[in-house]
Amino acid sequence: MELEANNGGKKLNILVTGAAGFIGFFLAEKLAALGHNVTGIDNINDYYDVNLKYARLAHSGINQKEIEYGKKAQSKAQSKAQSKAQSKAQSKAQSTTLPCYSFIKLDLTDREKLFSAFRDECFDCVCNLAAQAGVRYSLENPYAYTESNISGFINILEACRQFSVKHLVFASSSSVYGLNGKTPFSVTDTTDHPVSLYAATKKANEVMAHTYSSIFNIPSTGLRFFTVYGPWGRPDMAYYKFASAIINSKPIEIYNKGNMLRDFTYIDDIVDGIIAAINHIPAVNPDFNAKEPVPCLSSAPFAIYNLGNNKPEKLSDFIEILENTMGRKAEKIHLEMQAGDVPVTMADIDITRHDLNWEPKTVIKDGLKLFVDWFTQYGKHNDSAE
């Protein structure tokens with residue numbers, strides 16, 4: 001199963017969950033542009049401004065009116081049977097700019113509708129990027145994480161099992177490394193000490209996927225993303241908040257005096273890494289030793305990879321680059337480290353390089369320039385930037 005451009009190579013039926021989200025939006029567009037049949041799904045929740053999510057979909061040629069359930073009001077004269085059929089129907093919107101891309105508004109916790117989509121589309125590959133994101137928000141609303149990241153993910157796993165999906169690629173996070181003080185973080189390291197509920201749910205996803213790979217022989221690949229940034233990004237991310245505050249002449253809040261190190265990774269590099277992972281279907285690893293198990297090896301068709309820039313930036317330096325790019329200085333408020341944060345994230349990508357032939361290409365200065373160019377056109381005129 002090769003992921004090739006539309007030059008006569010085999011087209012795949014690919015599901016991208018979280019397609020109205022930051023990474024899912026870019027991935028769905030790239031896969032569709034390569035000529036693959038892509039179905040995007042997203043529940044479009046209000047964790048952050050839904051207008052940004054609809055704007056991403058509009059950029060992909062998906063009309064908001066076509067994806068809303070109940071867009072055609074039912075009359076009182078409709079029979080109960082008609083109403084029931086209407087409620088089960090998938091409201092599928094076709095992109096007007098990408099012929100290979102369609103979108104369904106759907107929540108992963110809605111098992112019946114999710115299974116219906118799997119049954120109708122016969123997916124070759126599933127890229128599960130849908131999740132309740134954010135470390136700090138997990139302190140305020142823990143149930144959002146168990147519902148989306150645990151209940152939703154088990155539905156994905158069951159659908160992959162029941163409908164014979166050939167490869168599951170799913171988003172994990174660098175946050176799973178938790179209290180690990182050894183840097184750079186390697187997939188050979190243990191991840192038994194998470195410090196946020198978000199991290200715990202991502203660790204759970206890895207364990208759940210491995211279980212299904214082991215029992216049901218479902219090839220599964222987990223990708224640990226390291227601080228993804230770029231145009232169309234999430235307003236709850238630090239770099240977006242900084243840009244919003246700077247452009248609106250408001251102070252920015254900096255934790256731990258800006259001494260934290262983050263492995264900022266540009267969105268295009270992340271998408272290239274995901275596509276490389278789709279191409280590389282894991283098999284049983286002959287080097288696995290049950291008496292001395294290594295976390296990244298398995299007797300199941302299962303793999304875990306880091307997708308990070310491998311060149312961490314000090315937060316204070318990152319802010320300075322952003323200030324220079326925007327041509328404005330920020331007013332700074334320094335705060336203590338927050339619960340759930342870690343001082344350093346840094347990816348060891350040696351195994352990723354070897355297995356996926358992937359290398360991040362975008363330096364922070366160039367990536368921030370691309371973000372600021374987009375932000376000054378979109379972000380400053382929208383509520384999501386406030």
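Me: Which residues point one way from strand 4, and which the other way?
Reply: In this predicted model, strand 4 covers residues 101-105. The five residues are all buried, whichever way they point. S102 and I104 point one way from the strand, and the other way point Y101, F103 and K105.

Me: How many of the residues of strand 4 are buried?
Reply: A residue counts as buried when its relative accessible area is under 20%. Strand 4 is mostly covered by this rule. The number of its buried residues is five of five.

Me: Do strand 2 and strand 4 run parallel or antiparallel, and which residue of strand 4 is the bridge partner of I41?
Reply: Strand 2 spans residues 37-42 and is joined to strand 4 by five bridges. These two strands run parallel. For I41, the bridge partner in strand 4 is I104.

Me: Which residue of strand 4 is the bridge partner of Q94?
Reply: Strand 3, made of residues 92-94, runs antiparallel to strand 4, and three bridges join the two. Together they form a hairpin, with six residues between the strands. Within strand 4, the partner of Q94 is S102.

Me: In what order do the eight strands form the open sheet?
Reply: The sheet is open and its pairing is mixed. An example of parallel pairing is that of strand 2 with strand 4, while strand 3 and strand 4 run antiparallel. The order of the eight strands is 3-4-2-1-5-6-7-12.

Me: Which strands stand at the edges of the sheet?
Reply: A strand at the edge has a single partner strand, so one side of it is left without a neighbour in the sheet. From one strand to the next, the twist averages 20°. The two edge strands are strand 3 and strand 12 (302-307).

Me: Which residue of strand 12 is the bridge partner of S220?
Reply: Strand 7, residues 220-225, is joined to strand 12 by six bridges. The two strands run parallel. The partner of S220 in strand 12 is F302.

Me: What angle does the direction of helix 7 make with that of strand 6?
Reply: Helix 7, residues 142-162, packs on the sheet. There it touches strand 1 (13-17), strand 5 (125-128) and strand 6 (167-173). Its direction and that of strand 6 make an angle of about 165°.

Me: At what angle do helix 5 and helix 7 pack, and how far apart are their axes?
Reply: Two packed helices are described by the angle between their axes and by the distance between those axes. Helix 5 passes helix 7 in a right-handed crossing. The angle is about 35°, and the axes are 10 Å apart.

Me: How many residues of the contact of helix 5 with helix 7 are nonpolar, polar and charged?
Reply: From helix 5, the residues R111, L114, F115 and F118 take part, and they meet N155, I156, E158, A159, C160 and Q162 in helix 7. Of the helix 5 residues, L114, F115 and F118 are among those that are buried. The contact divides into six nonpolar, two polar and two charged residues.

Me: How far apart are the closest N and O atoms of K92 and E121?
Reply: K92 lies in strand 3 and E121 in helix 5 (residues 111-121), so the pair, 29 residues apart, links distant parts of the chain. K92 is partly exposed, with a relative accessible area of 40%. The two residues form a salt bridge, and the distance between the closest N and O atoms is 2.7 Å.

Me: With which residues does R353 form salt bridges?
Reply: R353 is partly exposed, at 28% relative accessibility. One partner lies with R353 in helix 12 (residues 350-356), three residues apart, about one turn of the helix. The closest N and O atoms of that pair are 2.9 Å apart, and the other salt bridge of R353 spans 2.5 Å from N to O. The partners are D350 and E359.

Me: Is N324 buried or exposed?
Reply: N324 is placed in helix 11, residues 315-326. The relative accessible area of N324 is 53%, and the cut-off for exposed is over 50%. N324 is therefore exposed.

Notes: Residues numbered from 1 in each chain as written. Predicted model: local features only at pLDDT ≥ 70, side-chain atom pairs only at ≥ 80, totals over all residues. Heavy atoms only, no water. Buried < 20%, exposed > 50% of the residue type's maximum accessible area, 1.4 Å probe, protein only. Helix = DSSP H or I, 4+ residues; strand = E, 2+ residues; numbered from the N terminus. Pairing = 2+ DSSP bridges. Axes fitted to C-alpha atoms, helices over the stretch in contact; angles between N-to-C directions. Contact = heavy atoms within 4.5 Å. Salt bridge = Lys/Arg side-chain N within 4 Å of Asp/Glu carboxyl O. Left-handed = near helix turned anticlockwise from the far one by under 90°. Nonpolar A, V, L, I, M, F, W, Y, C, P; charged D, E, K, R; others polar.
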